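Subject: Structure handover and notes

Dear colleague,

I am handing over the structure we spoke about, and I would be grateful if you could open it before reading further. My notes come after it.

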Amino acid sequence: MAREFTTVGVVGLGTMGAGIAEVFARNGFDVVGVEQDDEQLQRGRGHVQASTDRAVRRGKLDPAAQQATFDRLTLTSSLGDLKGCDLVLEAVIERLDVKRSIFQELDEIVRAETVLATNTSSLSVTEIAVATSRPGRVVGLHFFNPAPVQRLVEVVSTVVTEPGLVDEMRALARTLGKSPVAVGDRAGFIANALLFGYLNHAMSMYESRYATREDIDAAMRIGCGYPMGPLALVDLIGLDTAYQVLETMYAESRDRLHAPTPLLRRLVTAGLLGRKTGRGFYTYGDDGSVAADGETPSRDETPQLRRSIQRVGVVGSGATARGIVQGFTDGGFDVVHSPHGRELDALARADLVVDASTEDADASKAVFASLDRMCPAGVILATTTSSMPLIELAAVTSRPQDVVGLHVREPATQPALVEVVRTVATSDEVTATIQALCLALGWHPVLCGDRAGLIVDALLVPYLNDAVRMLEAHYATVDDIDTAMKQGCALPMGPFELLDELGNDVCLAMQRRLFDELPEPGLSPAPLLEQLVAAGHLGRPTGRGFRDSTVS
(Lines give C-alpha, C1' and ligand atoms only; values in the text may rest on other atoms or scores of the structure.)
Protein backbone atom coordinates (compact mmCIF):
# COMPACT_ATOMS: atom_id res chain seq x y z
CA MET A 1 0.00 0.00 0.00
CA ALA A 2 1.43 3.35 -1.07
CA ARG A 3 2.32 5.82 1.65
CA GLU A 4 0.53 9.13 1.99
CA PHE A 5 2.65 12.24 2.36
CA THR A 6 0.93 15.23 3.90
CA THR A 7 3.50 16.68 6.30
CA VAL A 8 7.10 17.15 5.23
CA GLY A 9 10.07 18.17 7.34
CA VAL A 10 13.08 20.03 5.97
CA VAL A 11 16.30 20.17 8.00
CA GLY A 12 18.48 23.08 6.97
CA LEU A 13 17.02 26.32 5.60
CA GLY A 14 19.88 27.71 3.57
CA THR A 15 19.22 28.70 -0.01
CA MET A 16 18.58 25.11 -1.08
CA GLY A 17 16.65 23.92 1.97
CA ALA A 18 14.45 27.02 2.00
CA GLY A 19 13.73 26.51 -1.68
CA ILE A 20 12.71 22.90 -1.09
CA ALA A 21 10.47 23.92 1.82
CA GLU A 22 8.86 26.53 -0.43
CA VAL A 23 8.23 23.97 -3.18
CA PHE A 24 6.39 21.63 -0.84
CA ALA A 25 4.41 24.41 0.86
CA ARG A 26 3.36 25.95 -2.46
CA ASN A 27 2.03 22.56 -3.52
CA GLY A 28 -0.24 22.06 -0.54
CA PHE A 29 2.00 20.18 1.92
CA ASP A 30 2.36 21.16 5.54
CA VAL A 31 6.06 21.86 6.07
CA VAL A 32 8.13 21.93 9.23
CA GLY A 33 11.44 23.72 8.65
CA VAL A 34 14.29 23.26 11.13
CA GLU A 35 17.38 25.39 11.69
CA GLN A 36 19.87 25.68 14.55
CA ASP A 37 18.75 29.01 16.04
CA ASP A 38 16.34 31.91 15.61
CA GLU A 39 18.76 33.95 13.52
CA GLN A 40 19.12 31.17 10.95
CA LEU A 41 15.38 30.53 11.04
CA GLN A 42 14.73 34.16 10.14
CA ARG A 43 17.33 33.98 7.39
CA GLY A 44 15.57 30.89 6.02
CA ARG A 45 12.21 32.64 6.16
CA GLY A 46 13.81 35.55 4.33
CA HIS A 47 14.87 33.21 1.52
CA VAL A 48 11.27 32.02 1.10
CA GLN A 49 9.96 35.59 1.30
CA ALA A 50 12.36 36.84 -1.39
CA SER A 51 11.64 33.88 -3.65
CA THR A 52 7.86 34.12 -3.38
CA ASP A 53 7.98 37.92 -3.75
CA ARG A 54 9.86 37.40 -6.97
CA ALA A 55 7.27 34.86 -8.12
CA VAL A 56 4.45 37.33 -7.36
CA ARG A 57 6.18 40.10 -9.34
CA ARG A 58 6.55 37.79 -12.31
CA GLY A 59 2.93 36.65 -12.18
CA LYS A 60 3.86 33.08 -11.23
CA LEU A 61 2.13 33.32 -7.84
CA ASP A 62 -0.74 35.48 -6.60
CA PRO A 63 -0.62 37.18 -3.17
CA ALA A 64 -3.25 34.83 -1.70
CA ALA A 65 -1.20 31.77 -2.72
CA GLN A 66 1.90 33.39 -1.25
CA GLN A 67 0.13 33.86 2.09
CA ALA A 68 -1.15 30.25 1.95
CA THR A 69 2.43 29.10 1.43
CA PHE A 70 3.52 30.80 4.66
CA ASP A 71 0.44 29.52 6.48
CA ARG A 72 1.59 25.96 5.72
CA LEU A 73 5.18 26.65 6.84
CA THR A 74 6.18 26.12 10.47
CA LEU A 75 9.69 27.12 11.56
CA THR A 76 11.43 25.61 14.58
CA SER A 77 14.88 25.02 16.05
CA SER A 78 13.96 21.60 17.48
CA LEU A 79 14.35 18.35 15.54
CA GLY A 80 11.79 16.90 17.95
CA ASP A 81 9.07 18.89 16.13
CA LEU A 82 9.53 16.57 13.14
CA LYS A 83 8.09 13.53 14.91
CA GLY A 84 4.76 13.70 13.07
CA CYS A 85 6.24 14.10 9.55
CA ASP A 86 5.67 11.54 6.80
CA LEU A 87 8.87 12.55 5.02
CA VAL A 88 11.91 14.39 6.37
CA LEU A 89 14.43 15.81 3.92
CA GLU A 90 17.88 16.93 5.04
CA ALA A 91 19.57 19.84 3.20
CA VAL A 92 22.55 20.83 5.34
CA ILE A 93 26.26 21.29 4.57
CA GLU A 94 27.91 18.65 2.35
CA ARG A 95 29.78 16.90 5.13
CA LEU A 96 29.20 13.21 5.70
CA ASP A 97 29.77 13.35 9.45
CA VAL A 98 27.21 16.14 9.88
CA LYS A 99 24.60 14.37 7.77
CA ARG A 100 25.08 11.02 9.51
CA SER A 101 24.72 12.70 12.91
CA ILE A 102 21.43 14.32 11.85
CA PHE A 103 20.08 11.05 10.47
CA GLN A 104 20.95 9.24 13.70
CA GLU A 105 18.93 11.81 15.64
CA LEU A 106 16.03 11.69 13.19
CA ASP A 107 15.95 7.90 13.40
CA GLU A 108 15.09 8.15 17.09
CA ILE A 109 12.50 10.90 16.63
CA VAL A 110 10.27 10.07 13.66
CA ARG A 111 7.84 7.17 13.21
CA ALA A 112 9.10 3.83 11.88
CA GLU A 113 7.26 4.29 8.57
CA THR A 114 8.60 7.82 7.97
CA VAL A 115 10.84 8.16 4.92
CA LEU A 116 14.16 9.95 5.43
CA ALA A 117 15.75 11.67 2.44
CA THR A 118 18.97 13.56 1.80
CA ASN A 119 19.48 16.33 -0.73
CA THR A 120 23.20 15.56 -1.04
CA SER A 121 24.63 16.28 -4.47
CA SER A 122 27.62 13.98 -4.30
CA LEU A 123 27.96 12.06 -1.03
CA SER A 124 27.07 8.38 -0.67
CA VAL A 125 23.41 7.91 0.24
CA THR A 126 24.31 4.42 1.45
CA GLU A 127 26.80 5.77 4.00
CA ILE A 128 24.15 8.17 5.26
CA ALA A 129 21.43 5.50 5.34
CA VAL A 130 23.39 2.99 7.43
CA ALA A 131 23.59 5.53 10.25
CA THR A 132 19.92 4.68 10.88
CA SER A 133 17.99 1.57 11.85
CA ARG A 134 15.90 1.92 8.65
CA PRO A 135 18.37 2.09 5.71
CA GLY A 136 15.70 0.65 3.42
CA ARG A 137 13.59 3.77 3.98
CA VAL A 138 16.37 6.26 3.25
CA VAL A 139 16.70 7.73 -0.25
CA GLY A 140 18.34 10.61 -2.01
CA LEU A 141 16.09 13.41 -3.25
CA HIS A 142 18.48 15.73 -5.04
CA PHE A 143 16.79 19.00 -6.00
CA PHE A 144 18.61 21.50 -8.18
CA ASN A 145 19.15 25.15 -7.33
CA PRO A 146 16.97 27.20 -7.34
CA ALA A 147 14.53 24.50 -6.24
CA PRO A 148 11.34 26.49 -6.97
CA VAL A 149 12.45 26.95 -10.60
CA GLN A 150 14.50 23.90 -11.57
CA ARG A 151 12.35 20.92 -12.55
CA LEU A 152 14.86 18.09 -12.20
CA VAL A 153 14.90 15.88 -9.10
CA GLU A 154 17.27 12.91 -8.90
CA VAL A 155 15.77 10.05 -6.88
CA VAL A 156 18.70 8.02 -5.56
CA SER A 157 18.32 4.43 -4.39
CA THR A 158 20.81 2.26 -2.53
CA VAL A 159 21.33 -1.50 -2.61
CA VAL A 160 18.94 -1.85 0.35
CA THR A 161 16.21 0.61 -0.65
CA GLU A 162 12.76 -0.91 -0.12
CA PRO A 163 10.99 -2.10 -3.29
CA GLY A 164 8.54 0.49 -4.54
CA LEU A 165 10.02 3.41 -2.59
CA VAL A 166 11.70 4.94 -5.63
CA ASP A 167 8.41 4.84 -7.55
CA GLU A 168 6.67 6.52 -4.59
CA MET A 169 9.30 9.26 -4.49
CA ARG A 170 9.03 9.80 -8.24
CA ALA A 171 5.26 10.09 -7.93
CA LEU A 172 5.69 12.57 -5.08
CA ALA A 173 8.10 14.66 -7.15
CA ARG A 174 5.59 14.77 -10.01
CA THR A 175 2.95 16.22 -7.66
CA LEU A 176 5.44 19.07 -7.13
CA GLY A 177 5.58 19.70 -10.87
CA LYS A 178 9.07 18.22 -11.08
CA SER A 179 10.67 15.81 -13.55
CA PRO A 180 12.12 12.96 -11.47
CA VAL A 181 14.83 10.59 -12.70
CA ALA A 182 15.98 7.42 -10.94
CA VAL A 183 19.67 6.68 -10.40
CA GLY A 184 21.76 4.30 -8.36
CA ASP A 185 23.96 5.52 -5.53
CA ARG A 186 27.15 6.72 -7.15
CA ALA A 187 29.22 9.85 -6.67
CA GLY A 188 27.63 12.77 -8.50
CA PHE A 189 24.52 10.72 -9.42
CA ILE A 190 23.62 11.53 -13.07
CA ALA A 191 23.95 15.25 -13.73
CA ASN A 192 26.97 16.07 -11.57
CA ALA A 193 28.81 12.87 -12.47
CA LEU A 194 28.64 13.75 -16.17
CA LEU A 195 28.90 17.52 -15.80
CA PHE A 196 31.91 17.69 -13.50
CA GLY A 197 33.96 15.23 -15.53
CA TYR A 198 33.45 17.57 -18.50
CA LEU A 199 34.24 20.66 -16.42
CA ASN A 200 37.42 19.09 -15.04
CA HIS A 201 38.58 18.26 -18.55
CA ALA A 202 37.97 21.87 -19.62
CA MET A 203 39.93 23.19 -16.61
CA SER A 204 42.81 20.86 -17.48
CA MET A 205 42.71 22.06 -21.10
CA TYR A 206 42.99 25.65 -19.93
CA GLU A 207 45.71 24.83 -17.40
CA SER A 208 47.85 23.28 -20.15
CA ARG A 209 47.49 26.50 -22.19
CA TYR A 210 46.11 24.50 -25.07
CA ALA A 211 43.50 27.24 -25.59
CA THR A 212 42.45 30.43 -23.83
CA ARG A 213 39.56 30.50 -21.39
CA GLU A 214 37.56 32.68 -23.81
CA ASP A 215 38.11 30.29 -26.71
CA ILE A 216 37.25 27.20 -24.66
CA ASP A 217 34.01 28.78 -23.49
CA ALA A 218 33.09 30.16 -26.92
CA ALA A 219 33.77 26.79 -28.55
CA MET A 220 31.23 25.01 -26.35
CA ARG A 221 28.63 27.80 -26.48
CA ILE A 222 28.74 28.30 -30.22
CA GLY A 223 29.78 24.83 -31.30
CA CYS A 224 27.35 22.90 -29.06
CA GLY A 225 24.69 25.46 -28.20
CA TYR A 226 25.47 25.22 -24.49
CA PRO A 227 24.06 28.10 -22.39
CA MET A 228 27.47 28.74 -20.81
CA GLY A 229 31.04 27.78 -21.45
CA PRO A 230 32.61 25.36 -18.93
CA LEU A 231 34.96 27.82 -17.21
CA ALA A 232 32.25 30.47 -16.79
CA LEU A 233 29.99 27.72 -15.45
CA VAL A 234 32.56 26.63 -12.83
CA ASP A 235 32.77 30.26 -11.70
CA LEU A 236 28.99 30.35 -11.36
CA ILE A 237 28.80 27.05 -9.45
CA GLY A 238 31.73 27.95 -7.21
CA LEU A 239 35.24 26.56 -7.45
CA ASP A 240 35.05 25.19 -3.92
CA THR A 241 31.90 23.25 -4.79
CA ALA A 242 33.52 21.93 -7.96
CA TYR A 243 36.58 20.84 -5.98
CA GLN A 244 34.44 19.06 -3.39
CA VAL A 245 32.37 17.19 -5.98
CA LEU A 246 35.44 16.13 -7.96
CA GLU A 247 37.22 14.96 -4.80
CA THR A 248 34.19 12.79 -3.97
CA MET A 249 34.04 11.40 -7.51
CA TYR A 250 37.76 10.65 -7.54
CA ALA A 251 37.64 8.96 -4.14
CA GLU A 252 35.02 6.57 -5.51
CA SER A 253 36.21 6.00 -9.08
CA ARG A 254 39.99 6.44 -8.80
CA ASP A 255 39.71 7.69 -12.37
CA ARG A 256 42.53 10.21 -12.74
CA LEU A 257 40.32 12.24 -15.07
CA HIS A 258 38.14 12.95 -12.00
CA ALA A 259 41.06 14.13 -9.86
CA PRO A 260 40.70 17.92 -9.43
CA THR A 261 43.18 19.73 -11.64
CA PRO A 262 46.12 21.30 -9.75
CA LEU A 263 45.00 24.73 -10.96
CA LEU A 264 41.57 24.26 -9.35
CA ARG A 265 43.25 23.29 -6.06
CA ARG A 266 45.46 26.39 -6.15
CA LEU A 267 42.58 28.74 -6.92
CA VAL A 268 40.48 27.31 -4.08
CA THR A 269 43.43 27.54 -1.68
CA ALA A 270 43.87 31.19 -2.66
CA GLY A 271 40.20 31.89 -1.97
CA LEU A 272 39.38 32.60 -5.61
CA LEU A 273 36.06 30.77 -5.71
CA GLY A 274 34.35 32.33 -8.73
CA ARG A 275 31.57 34.87 -8.91
CA LYS A 276 30.83 34.81 -5.19
CA THR A 277 34.33 36.13 -4.42
CA GLY A 278 34.67 38.29 -7.52
CA ARG A 279 37.38 36.20 -9.11
CA GLY A 280 37.85 32.64 -10.32
CA PHE A 281 38.76 31.74 -13.87
CA TYR A 282 37.47 35.20 -14.76
CA THR A 283 37.42 38.47 -12.82
CA TYR A 284 34.01 40.02 -12.09
CA GLY A 285 32.85 43.56 -11.42
CA ASP A 286 30.47 44.60 -8.67
CA ASP A 287 27.51 44.05 -11.01
CA GLY A 288 28.59 40.47 -11.74
CA SER A 289 29.78 41.19 -15.28
CA VAL A 290 33.16 39.95 -16.50
CA ALA A 291 35.78 42.63 -15.89
CA ALA A 292 38.99 43.29 -17.74
CA ASP A 293 42.09 41.65 -16.33
CA GLY A 294 45.52 40.70 -17.48
CA GLU A 295 44.17 37.85 -19.60
CA THR A 296 41.26 39.64 -21.26
CA PRO A 297 42.15 40.38 -24.91
CA SER A 298 42.08 44.07 -25.82
CA ARG A 299 40.98 45.55 -29.12
CA ASP A 300 44.62 46.08 -29.99
CA GLU A 301 45.07 42.30 -29.86
CA THR A 302 42.42 41.57 -32.51
CA PRO A 303 44.10 39.40 -35.17
CA GLN A 304 45.09 41.28 -38.32
CA LEU A 305 45.66 40.09 -41.89
CA ARG A 306 49.43 39.79 -42.08
CA ARG A 307 49.42 38.31 -45.56
CA SER A 308 47.45 39.48 -48.55
CA ILE A 309 44.62 37.06 -49.35
CA GLN A 310 42.83 37.79 -52.62
CA ARG A 311 42.12 34.38 -54.08
CA VAL A 312 41.10 31.24 -52.17
CA GLY A 313 41.22 27.69 -53.47
CA VAL A 314 38.97 24.97 -52.06
CA VAL A 315 39.37 21.22 -52.64
CA GLY A 316 36.43 18.89 -52.02
CA SER A 317 32.80 18.28 -52.97
CA GLY A 318 31.08 17.66 -49.60
CA ALA A 319 28.96 19.94 -47.45
CA THR A 320 31.99 21.38 -45.67
CA ALA A 321 33.71 22.31 -48.93
CA ARG A 322 30.52 23.83 -50.35
CA GLY A 323 30.01 25.85 -47.16
CA ILE A 324 33.56 27.20 -47.28
CA VAL A 325 33.20 28.11 -50.96
CA GLN A 326 29.95 29.93 -50.18
CA GLY A 327 31.45 31.71 -47.20
CA PHE A 328 34.46 33.06 -49.09
CA THR A 329 32.35 33.94 -52.14
CA ASP A 330 29.89 35.89 -49.98
CA GLY A 331 32.87 37.58 -48.37
CA GLY A 332 33.97 38.99 -51.73
CA PHE A 333 36.95 36.70 -52.34
CA ASP A 334 37.86 35.23 -55.71
CA VAL A 335 37.29 31.48 -55.21
CA VAL A 336 38.69 28.59 -57.23
CA HIS A 337 36.88 25.32 -56.50
CA SER A 338 38.29 21.88 -57.31
CA PRO A 339 35.40 19.58 -56.28
CA HIS A 340 37.08 16.25 -56.93
CA GLY A 341 40.71 17.11 -56.29
CA ARG A 342 41.52 16.99 -59.99
CA GLU A 343 43.32 19.73 -61.90
CA LEU A 344 44.92 20.97 -58.72
CA ASP A 345 47.13 23.20 -60.86
CA ALA A 346 44.13 25.55 -61.14
CA LEU A 347 44.76 26.37 -57.48
CA ALA A 348 48.36 27.43 -58.04
CA ARG A 349 47.42 31.13 -58.27
CA ALA A 350 45.56 31.11 -54.92
CA ASP A 351 46.92 32.80 -51.79
CA LEU A 352 45.20 30.25 -49.54
CA VAL A 353 44.18 26.69 -50.39
CA VAL A 354 41.77 24.80 -48.13
CA ASP A 355 41.59 21.02 -48.44
CA ALA A 356 38.15 19.73 -47.45
CA SER A 357 38.26 16.63 -49.60
CA THR A 358 38.89 13.66 -47.33
CA GLU A 359 39.35 12.35 -43.79
CA ASP A 360 41.70 9.60 -45.01
CA ALA A 361 45.22 10.26 -43.77
CA ASP A 362 47.07 8.87 -46.79
CA ALA A 363 44.80 10.69 -49.24
CA SER A 364 45.20 13.96 -47.34
CA LYS A 365 48.97 13.62 -47.34
CA ALA A 366 48.93 13.03 -51.09
CA VAL A 367 46.82 16.16 -51.65
CA PHE A 368 49.14 18.26 -49.47
CA ALA A 369 52.25 16.95 -51.18
CA SER A 370 50.75 17.84 -54.57
CA LEU A 371 49.68 21.32 -53.43
CA ASP A 372 53.13 21.93 -51.97
CA ARG A 373 54.75 21.16 -55.33
CA MET A 374 52.52 23.39 -57.42
CA CYS A 375 51.81 26.34 -55.13
CA PRO A 376 54.41 29.11 -54.91
CA ALA A 377 56.18 29.88 -51.67
CA GLY A 378 54.07 31.93 -49.32
CA VAL A 379 50.75 30.25 -50.18
CA ILE A 380 48.98 29.08 -47.02
CA LEU A 381 47.81 25.47 -47.00
CA ALA A 382 44.87 24.67 -44.72
CA THR A 383 42.85 21.56 -43.93
CA THR A 384 39.41 21.04 -42.41
CA THR A 385 40.26 17.62 -40.99
CA SER A 386 39.98 16.89 -37.29
CA SER A 387 40.71 13.17 -37.50
CA MET A 388 44.49 13.21 -37.84
CA PRO A 389 47.42 15.19 -36.41
CA LEU A 390 47.94 18.32 -38.47
CA ILE A 391 51.70 18.10 -38.05
CA GLU A 392 51.68 14.89 -40.12
CA LEU A 393 50.27 16.84 -43.06
CA ALA A 394 52.70 19.70 -42.50
CA ALA A 395 55.60 17.26 -42.49
CA VAL A 396 55.00 16.17 -46.10
CA THR A 397 55.42 19.77 -47.30
CA SER A 398 58.39 22.09 -47.58
CA ARG A 399 56.43 24.82 -45.75
CA PRO A 400 55.29 23.50 -42.36
CA GLN A 401 55.23 27.08 -41.11
CA ASP A 402 52.45 27.81 -43.63
CA VAL A 403 50.20 24.85 -42.75
CA VAL A 404 47.19 25.50 -40.54
CA GLY A 405 43.92 23.82 -39.54
CA LEU A 406 40.56 25.39 -40.44
CA HIS A 407 37.94 23.12 -38.90
CA VAL A 408 34.44 24.48 -39.53
CA ARG A 409 31.99 22.89 -37.10
CA GLU A 410 28.94 21.23 -38.60
CA PRO A 411 26.10 21.85 -38.65
CA ALA A 412 27.14 25.43 -39.28
CA THR A 413 25.75 27.93 -36.79
CA GLN A 414 25.47 31.68 -37.00
CA PRO A 415 28.17 32.69 -36.55
CA ALA A 416 29.91 29.53 -37.67
CA LEU A 417 32.47 28.21 -35.21
CA VAL A 418 35.90 27.61 -36.72
CA GLU A 419 38.62 25.85 -34.75
CA VAL A 420 41.89 27.34 -36.01
CA VAL A 421 44.62 24.78 -35.37
CA ARG A 422 48.29 25.63 -35.11
CA THR A 423 51.11 23.12 -34.94
CA VAL A 424 54.47 23.58 -33.25
CA ALA A 425 55.70 24.83 -36.66
CA THR A 426 52.84 27.14 -37.73
CA SER A 427 54.00 30.76 -37.87
CA ASP A 428 52.29 33.50 -35.87
CA GLU A 429 51.83 35.40 -39.13
CA VAL A 430 49.78 32.58 -40.65
CA THR A 431 47.76 32.00 -37.50
CA ALA A 432 46.81 35.67 -37.21
CA THR A 433 45.93 35.86 -40.91
CA ILE A 434 43.55 32.91 -40.73
CA GLN A 435 41.90 34.26 -37.57
CA ALA A 436 41.43 37.66 -39.23
CA LEU A 437 39.96 36.01 -42.33
CA CYS A 438 37.40 34.18 -40.22
CA LEU A 439 36.39 37.41 -38.50
CA ALA A 440 36.06 39.14 -41.87
CA LEU A 441 33.69 36.38 -43.02
CA GLY A 442 31.54 36.69 -39.89
CA TRP A 443 32.80 33.38 -38.51
CA HIS A 444 33.91 32.94 -34.90
CA PRO A 445 37.48 31.61 -34.74
CA VAL A 446 38.85 29.85 -31.67
CA LEU A 447 42.54 29.05 -31.56
CA CYS A 448 43.87 25.74 -30.28
CA GLY A 449 46.85 23.46 -30.47
CA ASP A 450 47.25 20.35 -32.60
CA ARG A 451 45.71 17.56 -30.57
CA ALA A 452 42.99 14.95 -30.96
CA GLY A 453 39.48 16.37 -30.86
CA LEU A 454 40.63 20.00 -30.98
CA ILE A 455 38.42 21.81 -28.42
CA VAL A 456 34.83 20.73 -28.99
CA ASP A 457 35.28 17.01 -29.65
CA ALA A 458 37.98 16.70 -26.98
CA LEU A 459 35.43 17.91 -24.41
CA LEU A 460 32.20 16.58 -25.91
CA VAL A 461 33.05 13.00 -26.89
CA PRO A 462 34.46 11.85 -23.49
CA TYR A 463 31.28 13.23 -21.87
CA LEU A 464 29.21 11.10 -24.27
CA ASN A 465 31.43 8.10 -23.57
CA ASP A 466 30.91 8.61 -19.80
CA ALA A 467 27.14 8.61 -20.35
CA VAL A 468 27.42 5.27 -22.15
CA ARG A 469 29.46 3.86 -19.25
CA MET A 470 26.77 5.01 -16.83
CA LEU A 471 24.13 3.23 -18.91
CA GLU A 472 26.05 -0.03 -19.23
CA ALA A 473 26.60 -0.04 -15.45
CA HIS A 474 22.79 0.10 -15.05
CA TYR A 475 22.90 3.22 -12.88
CA ALA A 476 20.20 4.94 -14.94
CA THR A 477 18.20 4.56 -18.16
CA VAL A 478 18.72 6.29 -21.48
CA ASP A 479 15.65 8.48 -20.95
CA ASP A 480 16.57 9.42 -17.38
CA ILE A 481 20.13 10.33 -18.34
CA ASP A 482 18.92 12.49 -21.23
CA THR A 483 16.31 14.17 -19.01
CA ALA A 484 18.84 14.84 -16.27
CA MET A 485 21.29 16.59 -18.58
CA LYS A 486 18.66 18.63 -20.39
CA GLN A 487 16.78 19.78 -17.32
CA GLY A 488 19.54 19.73 -14.73
CA CYS A 489 22.21 21.37 -16.90
CA ALA A 490 20.04 23.16 -19.50
CA LEU A 491 21.75 21.39 -22.40
CA PRO A 492 19.94 21.48 -25.75
CA MET A 493 20.14 17.69 -26.17
CA GLY A 494 20.70 14.72 -23.89
CA PRO A 495 23.84 12.64 -24.51
CA PHE A 496 21.99 9.77 -26.19
CA GLU A 497 19.98 12.12 -28.38
CA LEU A 498 23.28 13.66 -29.41
CA LEU A 499 24.90 10.28 -30.05
CA ASP A 500 21.99 9.41 -32.33
CA GLU A 501 22.46 12.71 -34.15
CA LEU A 502 26.23 12.52 -34.56
CA GLY A 503 26.45 8.78 -35.16
CA ASN A 504 27.80 6.20 -32.73
CA ASP A 505 30.50 5.22 -35.19
CA VAL A 506 31.73 8.80 -35.53
CA CYS A 507 31.91 9.23 -31.76
CA LEU A 508 33.61 5.87 -31.30
CA ALA A 509 36.27 6.76 -33.87
CA MET A 510 37.03 10.03 -32.09
CA GLN A 511 37.07 8.36 -28.66
CA ARG A 512 39.58 5.81 -29.98
CA ARG A 513 41.77 8.61 -31.26
CA LEU A 514 41.59 10.42 -27.93
CA PHE A 515 42.54 7.20 -26.14
CA ASP A 516 45.41 6.54 -28.54
CA GLU A 517 46.80 10.01 -27.84
CA LEU A 518 46.30 9.81 -24.06
CA PRO A 519 45.89 6.16 -22.96
CA GLU A 520 44.11 6.90 -19.69
CA PRO A 521 41.67 4.13 -18.65
CA GLY A 522 38.94 6.74 -18.28
CA LEU A 523 39.28 7.60 -21.98
CA SER A 524 38.97 4.04 -23.26
CA PRO A 525 35.87 3.59 -25.41
CA ALA A 526 32.88 2.19 -23.53
CA PRO A 527 32.42 -1.49 -24.46
CA LEU A 528 28.69 -0.92 -25.05
CA LEU A 529 29.48 1.79 -27.60
CA GLU A 530 31.82 -0.56 -29.43
CA GLN A 531 29.24 -3.36 -29.37
CA LEU A 532 26.44 -1.21 -30.77
CA VAL A 533 28.66 0.05 -33.58
CA ALA A 534 29.65 -3.54 -34.40
CA ALA A 535 25.93 -4.45 -34.47
CA GLY A 536 25.17 -1.61 -36.86
CA HIS A 537 23.26 0.50 -34.32
CA LEU A 538 24.77 3.77 -35.46
CA GLY A 539 21.93 6.11 -34.53
CA ARG A 540 20.06 8.26 -37.03
CA PRO A 541 22.02 7.05 -40.09
CA THR A 542 20.71 3.49 -39.59
CA GLY A 543 17.50 4.26 -37.68
CA ARG A 544 18.74 2.20 -34.74
CA GLY A 545 20.62 3.48 -31.71
CA PHE A 546 20.77 3.19 -27.94
CA ARG A 547 17.02 3.21 -27.47
CA ASP A 548 16.78 0.03 -29.54
CA SER A 549 19.33 -1.87 -27.43
CA THR A 550 18.58 -4.21 -24.54
CA VAL A 551 20.43 -1.89 -22.15
CA SER A 552 18.18 1.13 -22.75
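What follows goes through the sheets, then two buried residues, and then the helices.

Please keep in mind throughout that this is a predicted model, and that the values below are computed from it.

I begin with an open sheet of seven strands, whose order is β10-β9-β11-β12-β13-β14-β15 and whose pairing is mixed. Its edges are formed by β10 (334–338) and β15 (444–449), each of which pairs on one side only. From one strand to the next, the twist averages 25 degrees.

Within this sheet, strand β9 (residues 311–315) has five of its five residues buried, so the strand is largely enclosed by the rest of the structure. In a regular strand the side chains alternate between the two faces of the sheet. In β9, Arg311, Gly313 and Val315 point one way while Val312 and Val314 point the other way, and all of them are buried. The pairing of β9 with β10 is parallel and extends over five bridges, with Val312 standing opposite Val335 in β10.

Further along the sheet, strand β12 (residues 380–383) runs parallel to β13 and is joined to it by three bridges; in one of the pairings, Ala382 has Val404 of β13 as its bridge partner. Helix α13 (residues 361–374) packs on the sheet, where it touches β11 (352–355), β12 and β13, and the direction of α13 makes about 165 degrees with that of β12.

One residue of β13 deserves a closer look, namely Leu406, which is found in that strand (residues 403–408). Is Leu406 buried or exposed? Its relative accessible area is 2%, and because the cut-off for a buried residue is under 20%, Leu406 counts as buried. If neighbours within four places in sequence are left aside, Leu406 is in contact with Val354, Ala382, Thr383, Thr384, Val418, Glu419, Ile434 and Cys438. Ala382, in that list, is the residue whose bridge partner in β13 is Val404. Leu406 and Val420 are 14 residues apart in sequence, yet the distance between their C-alpha atoms is 5.0 Å.

Strand β6 (residues 138–143) can be described in similar terms, since six of its six residues are buried and the strand is therefore largely enclosed by the rest of the structure. Both of its faces are covered, with Val138, Gly140 and His142 buried on one side and Val139, Leu141 and Phe143 buried on the other. Strand β5 (residues 115–118) runs parallel to β6 and is joined to it by three bridges, and here Ala117 stands opposite Val139. With strand β7 (residues 152–157), by contrast, β6 pairs in the antiparallel sense over four bridges, and Gly140 stands opposite Val156 in β7.

A second buried residue to inspect is Glu22, which lies in helix α1 (residues 15–26). Glu22 has a relative accessible area of 1% and is therefore buried. Apart from its neighbours within four places in sequence, Glu22 is in contact with Val48, Ser51, Thr52, Thr69 and Pro148.

Helix α6 (residues 165–175) also has charged residues among its buried ones: the buried set consists of Leu165, Val166, Glu168, Met169, Arg170, Leu172 and Ala173. After α6 comes Gly177, whose phi is positive, near 80 degrees.

Two helix pairs complete the notes. The axes of helix α7 (residues 191–207) and helix α9 (residues 230–237) come within 9 Å and cross at roughly 115 degrees, and α7 passes α9 in a left-handed crossing. Leu195, Phe196, Tyr198, Leu199, Ala202, Met203 and Tyr206 of α7 make the contact with Pro230, Leu231, Leu233, Val234 and Ile237 of α9. By class, this contact has twelve nonpolar residues, no polar and no charged ones.

In the other pair, helix α16 (residues 456–472) and helix α20 (residues 527–534) pack at an angle of about 95 degrees, with their axes 8 Å apart, and the two helices are therefore roughly perpendicular to each other. The contact is made by Asn465, Val468, Arg469, Leu471 and Glu472 of α16 and by Pro527, Leu528 and Leu529 of α20. Its residues divide into five nonpolar, one polar and two charged.

With best wishes

Conventions: Residues are numbered from 1 along each chain as its sequence is written. This is a predicted model: local features need pLDDT of at least 70, side-chain atom pairs count only at pLDDT 80 or more; totals for chains, interfaces and linings use all residues. Side-chain values use heavy atoms; hydrogens and water are left out. Axes are lines fitted to C-alpha atoms, for helices over the stretch in contact, and angles run from 0 to 180 degrees between N-to-C directions. Angles under 35 degrees count as roughly parallel, over 145 as roughly antiparallel, 65 to 115 as roughly perpendicular and the rest as oblique. Contact means heavy atoms within 4.5 Å. Buried means under 20% relative accessible area, exposed over 50%, partly exposed in between (1.4 Å probe, protein chains only). Two strands pair if DSSP finds at least two bridges between them. A crossing is left-handed if the near helix is turned anticlockwise from the far one by less than a right angle, and right-handed if clockwise.
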